[in-house]
Every structure is written in structure tokens, then in C-alpha cells.
Amino acid sequence: MMLSFMGTPPPEGKRLLSEIEVQYVKGVGPRRFEALRSIGVLTAMDLLYYFPRRYLDRTRIYKIKDAAAAILMTEEVTFVGRIKSVQVVRRGHGRNMMYIRLADDSGTMRCVWFNAVQYFANAFKEEELIAFSGKVTSYQDRPCLIHPDYDHLEDEADEAFLHTGGIIPVYPTTEALKRVGLDSRGFRRLIKNLLNNLDLYEFPPDPFPKEIISINSLMDLCEAVSKIHFPKDEKELNYSLRRFKFEELFYLQLLLAIRRNLIRHSPGLAFKEPGALVEKFGKEVIPFKLTEAQRNVLHEIFADLKSGHPMYRLIQGDVGSGKTIVALIAILLSVENGYQAAFMAPTEILAAQHYATLSRYLSPLGVETSLLIGGQKKKVRADVYSDIESGRTSVVVGTHAIIQEKVKFNRLGLIVVDEQQRFGVMQRMALQEKAGATRGEPHLLVMTATPIPRTLSLTIYGDLDISLIDEMPVGRKKIRTALRGESSRDKLYKFVREQVLSGRQTFIVYPLVNETEKSDLKAATQSFIRLRDEIFRGFKVGLIHGQMTDTEKNDIMLAFKKNAVNILVSTTVIEVGIDVPNATVMVIEHADRFGLSQLHQLRGRIGRGVHQSYCILMSEDKFLDEKKIQTSDEATTNRRLRLFASTDDGFKIAEYDLMLRGPGEFFGTKQSGAPPLKLANPVRDRDIIMQARKSAFELAEADPHLRDKEHERLREVLLRNYKDSFDFLKAN
Ligand code: ADP
Ligand code: MG
């Protein structure tokens, strides 16, 4: 987190680091100033907060003779040595290969770049000392690094440093920064110099109250800033890192704590105990008995709804655990109390599906339900708007469209948001602002199927109360999961035919990394044609993908639901929430290209009815056949897929996925629900999270609006870092 500090005038005439513009730092000229400004480094203090992305130390550096052994490792490794040769080879079509031979005292190895341009090659000089980092791969039967990261080292200084067991910081950099000499080496010099001259300046006061520092045994800010760049050893490094991880997590938790307090204490709608309507639903409409977990969660919800304060609750439950029905009962309670309810889904398909489910359950009770999605005709929408405004409709199901300005609710009492991970923390908060949650209404219920470790839910959903549905409805058969290579393809098709002949249905999913990626879509479409016209001729085969209009998508989903389509070929649009209990086979093509959590979601589409279900992950033999595995990537993929096939425990899968990919990628897409953390890892830094949370919540309890003089700077930093998303803080 880049923090810029503001502060009070300094004593003794020295100037505050946070007020010194970075162009006045020794070593920064006008060109560097521009480049630094473009990455948000404006002051000398910001420069000190420009942290290394990695460290080189002797213990982590591999000898070239051990490179072959590193091929099967999942982690990146680093080699330090001298460049023996740089070679650019033209290969036609303007494509060049570049080879660098690196030597250390144990041997030599090759680094390879495809598509290198000459000026890139010029950055490397023969005999220079350099560090290359990356995953070791086998290329032309030799261990090699392909497109490694590189860091130029300073000859004597760094070499001596490494020999004495020192640690060298490696800084993030860009092409633009490199052009003004700010490669990692450039930053090292610049920051070192500034740190050496710290006594010329006034160091800004620590925003953290003394008590927080001492209780959590944090390193003093000034010391930490210098140690994070140039730690003496690993222990010192970890201690200073801990300070900044804590800082990052603390601000996030403080924000969550303040939000939570604010909502907890504001007046909300007080619903009465469940009455005739809810009872009738339980007795006459609902076709099964609720699980104990569902009942417990309902009690928690009822308690919130009648408390007189806004409900602000998350339901976490694995795919298929039955969240919808729980939400539905909460909706009924709202209706029974004379209030409308809104049910929001992340996609139009899901909205349409929920609409079908909800209206099927609600119409026997005489409760009016409406659908509101972007793809509707103007006239239809206008009618829905007016029904919502007049109060003629009690339950509105839809996408984001629901909270647009044009929609005026008559008396909105409850918002349900399904499949939360698609929205993301910041979006959720914005949405609640809009719906008026911080003004005390309406109640909010969020549902997510992403099973995430507790520490992560505390960072993402840390302001919500959390309910867990940790039990599946009875009678579900365990899904059988198999990994298959190309050689089994005929058997696979035969199996699908048998299933369809016995009345079941099948999904066949193709990866579409990016919905707009034409080549992927083409591949899926071509496969579809072959499946329809050759492999499964005689069966009804349908296709659904993200480029279709919403009406087309809805039509095909409806046909699948009615079994008018037996085999549905799709891209990942079906990933979330689709409910077709008669579908028993999920075939996932190129399974290696999916994240584990995504696979888990896909597998959750089957095993929803009484029949035995099967999930079949197809991938190339090189990922499955231990004899054919060559690279560390292939080995990792093999481990991932095997782990997935061996368990149906969503938490276990998610934890493994998080470890492998980090929270950003774990959540997919840019609009990820991952919290804005740069240093802390929400899984590994469990202890720091818990401490930061405790301190932040205590502080918010004691001083909810941060009005205390001692908290002034905390408030400033908080406001500055989250200024866009959190207007509500200023209002208080
Ligand atoms: P999710 O939690 O993934 O959203 P759903 O709410 O879609 O799960 O429920 C999955 C399926 O299980 C639905 O067909 C639903 O009707 C059914 N279901 C929900 N609760 C129960 C229960 N207690 N007993 C039997 N089936 C249930
Ligand atoms: Mg669902």
C-alpha cells in the first residue's frame, strides 16, 4: 500500500520527508521525477515506501549444476553468474530468438527468449554480473530458463554482499523506469542514498498509537522503513515486513470495523416473528425437509430481522448446500411484514433461473414476483418499474439493473445478493451505499458459494456477520471424478451416450479464458458442430456461450432444463449456480486450463438429483502420465488435478488453490473480490490478520469516528487511501 503522509510542521527547521517532493531527493533529475510520478511516488516518503518485490540472498540462490533437479519444483529459483554470451538469431517473419549463456563456478546454462528485439538484447553485457529468476524448464533436453526475470547486479559491492550472506533487495520496475536508469539497481542506489542521509530530514510521526505498536510488538516505523530495504538477515527482514503487513491489514480491518459499527448501531426495520405466510410455505409448498444447518442459519437471520438494526449477513455454503431456499424464507418474512424484497444475481441467466424458482414457490402463496434484467424490452421494463413503484410486485429478481436510479421501490425491506464473489468487496460496498444500507435500511443478505478459509473471509467479508451452511441435503450421491487423457476419448463418448440413453443429461465445457477471445470461441463452436453432427448424432445437442444474446442464452438454458436438449456444450457461462438436477455428467475439456475453484463450481452443477453423477476432466497426456511429465508446470498441473479428483471438500480445494495462485487470480477477473493487499497474504499471514483485526476492532469500538487526537493521523491515512469508496466516513 502506498501511503503518503501528511503531518504537522516539523520542529528544528528540518523538513518532513513526507513534504519533500521527490525531485529534490539526491539522484532524481527531471526525467526520473516524471517516471516516478507516473507510478505514484511523489515525495521522499513515498520513495521509502517503494518496497522491494523480492530479495536475493545466498540461501536462495541455486548453483547451475543443480538446475536439472529444480525442473520439477513449483517455485521460481534464482541463479547468479556472469553472462558469457548474448546471441540473437533471426528466424524469419521478423521473429528473433535470443539466447544468453550464464556461467557460475559450477557450470553454464541457457536462458531463452522467443521474439526478442535487438534493443532488449543490448541491455545485457558480456561478463556482467546478473541474477536470473524463473522456473527451470526442460528445453531441447537441457535445463533452461525461458523468459526469466533478471536483475543487474553491481559487481564488487553486490558480489561481496552475497558472499558474506547479505540480502540484496530487488525492486519492481517497468520499461519506462528502466529508460531513466531506474532498474532494480537504480532504485537500490537511490534508496540507499536517501536512507544514508535520513538525518537531514524530519521523519514523519508514526500514525499508529503507541499502544498498538507495543501490544503487537511492531517495529518502529523509521527503523522498519530502513530494514525493509536493507535487512541484515532474514530475521530482520521478517520483522520489518511484519510491521508493513500489519499496517496494510490494520487499515483494512479498521475500515471494516467502522462500517460494521455504523451499521450495527443505526436504526433499521424491525420485522415481526414469522407468521401465517412463512408457516404456510413450510407446510404446503416446500417439497423437502430443511437441513439442520439451514434451520440454524434461518434462526440467525430471523434474529437479525427483528432486532431493529439492519441485518448485514453473509451466508457461506458450498455449491448445492441449499442457500436459495433459506433466502426465499427470509424474503417471505419481509413480504409478510409488508415490505418488498430484491434478489440480485451476477448474470442474466442466473437471474432468470432464480426468477423461475422463486415464482414457482411464491405464486401458490399469492406473492407477486417480477424479473428485471437488461435484455428486456422497453415496454416490459416500464411495466416492471411501475409495478415496483406502486408496490404491486413484492419480489424483484434481477441483475445490477435492480439498483439503478430509475428503479424506485415502494417499500424495500430486504436485499439478497447471490454469488457474491462476482461482485467484489468494493462493488458490494458501493451497492450497499446506494441501497441505503448505511442509513439503516434495508436488510442485507449476501450469499456465496466460494468456500474460503476463515482468515480470508475475515479480510473480505470482515464487516459482515457470517453464517455457515456446512451440511448437504440428505440423499445426495457422491460425485465420481475421473482424470482422462486423449486416449480415452472414445470411451468417454460411449459413456455419455449411455447416460443420455438412460434419460440423463450432460454438460461439456470448454475453457474460454476470455469471453472475447475469438480463437477459443471458434474452438468451442467447431467442437460443438462435430459433436452434434457426428459423435452424438441422433441426440439433441445445444450450444451456449458468452457472445450470445441474453434471450438466446435463456432459451437454451430453458430447453436444457426441460431436457429438450440432452447434451449442452458450453463455455464457462454455466459456471455459477445453474440448477438442473437431471444432469449427471460434467465433461471438462482442457481441464488443466481452469483454476481449481472454477472446476469445483463446475462440478457443483451435477450431483444435484437422485442419480449417480460423474465429473470427467479431460486433458493432454503430458499432464496425467507421470512418465511424460517434463516441466515443473506440468508437474504442478498434475498435482492440482489429482488433488481435485481426490476430494469434494470445497474448503480444502480453495485453500490449495489460494496457496498456488494467490488471492488475486484465485478470484478470477479484474473485478475480483480480493482485498487490496500487496504485502500480506490472506492465507499465510493468519496470525497477523488476527492481531490486526483485534486491534482495529478494539480501536473502532472505543472511538468509532476516530475523533480522538491520538487517532488523527490514522484517520487521515484511512481517508486518503480509501477516499473513493468510503464517502460515508467523511460524513461522520
Ligand atoms: P446453492 O447453495 O448452490 O445455491 P441451491 O439453493 O441451488 O444450492 O440448492 C440446490 C438444490 O438442492 C436445489 O435443487 C434445491 O431445491 C435442493 N435443496 C435445497 N435444500 C434442500 C433440502 N433441505 N433437502 C433436499 N433438497 C434441497
Ligand atoms: Mg445458488
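This tour moves through a predicted model, from a sheet and the helices on it to a ligand site and then to a glutamine.

**The sheet**

Begin by selecting the strands of the open sheet, which number 7 and follow the order β13-β14-β12-β15-β16-β11-β17. The pairing throughout this sheet is parallel. Strands of a sheet pair through backbone hydrogen bonds, either parallel or antiparallel. Next, colour the two edge strands, β13 (369–372) and β17 (465–469), each of which pairs on one side only. Between neighbouring strands of this sheet the turn averages 20 degrees, direction ignored.

**One strand pair**

Select residues 340–344, strand β12, together with residues 395–398, strand β14. These two strands run parallel and are joined by 4 bridges. To inspect one bridge, display F343 and its partner in β14, V397.

**Helices on the sheet**

With β12 and β14 still shown, add residues 378–390, helix α14. Helix α14 packs on the sheet and touches β12, β13 and β14. The direction of helix α14 makes about 135 degrees with that of β13.

Then select residues 292–306, helix α11. This helix lies across β11 (312–317), β16 (443–448) and β17. Relative to β17, helix α11 runs at about 155 degrees.

**Ligand 1**

Centre the view on ligand 1 and display the 16 residues around it. Which of them come nearest to the ligand? They are K289, G320, K323, T324 and R476.

Three polar approaches can be displayed in turn.

- Q294: a polar side-chain atom lies 2.9 Å from a nitrogen atom of ligand 1.
- G322: a polar backbone atom is 3.1 Å from an oxygen atom of the ligand.
- K323: a polar side-chain atom lies 2.7 Å from an oxygen atom of ligand 1.

A surface display is useful here: taken alone, ligand 1 exposes 570 Å², and the protein buries 85% of that area.

**Q505**

Finally, select residues 505–509, strand β19, and centre on Q505 within that strand. Is Q505 buried or exposed? Q505 counts as buried because its relative accessibility is 1%, against a cut-off of under 20% for buried residues.

Two polar partners of the Q505 side chain should now be displayed. A polar atom of this side chain lies 3.0 Å from the backbone oxygen of V565. The side chain of Q505 also makes a polar contact, at 3.0 Å, with the side chain of N582.

To complete the surroundings, add the residues in contact with Q505, leaving aside its neighbours within four places in sequence. They are F560, N563, V565, N566, V580, N582, A583, T584 and V585.

Notes
Residues numbered from 1 in each chain as written. Chains lettered and ligands numbered in written order. Predicted model: local features only at pLDDT ≥ 70, side-chain atom pairs only at ≥ 80, totals over all residues. Heavy atoms only, no water. Pairing = 2+ DSSP bridges. Axes fitted to C-alpha atoms, helices over the stretch in contact; angles between N-to-C directions. Contact = heavy atoms within 4.5 Å. Buried < 20%, exposed > 50% of the residue type's maximum accessible area, 1.4 Å probe, protein only. Polar contact = N/O pair within 3.5 Å; in protein donor to acceptor, adjacent residues only side chain to side chain. Near = heavy atom within 4 Å. Areas by Shrake-Rupley, 256 points an atom, 1.4 Å probe, with all protein chains shown as cover.
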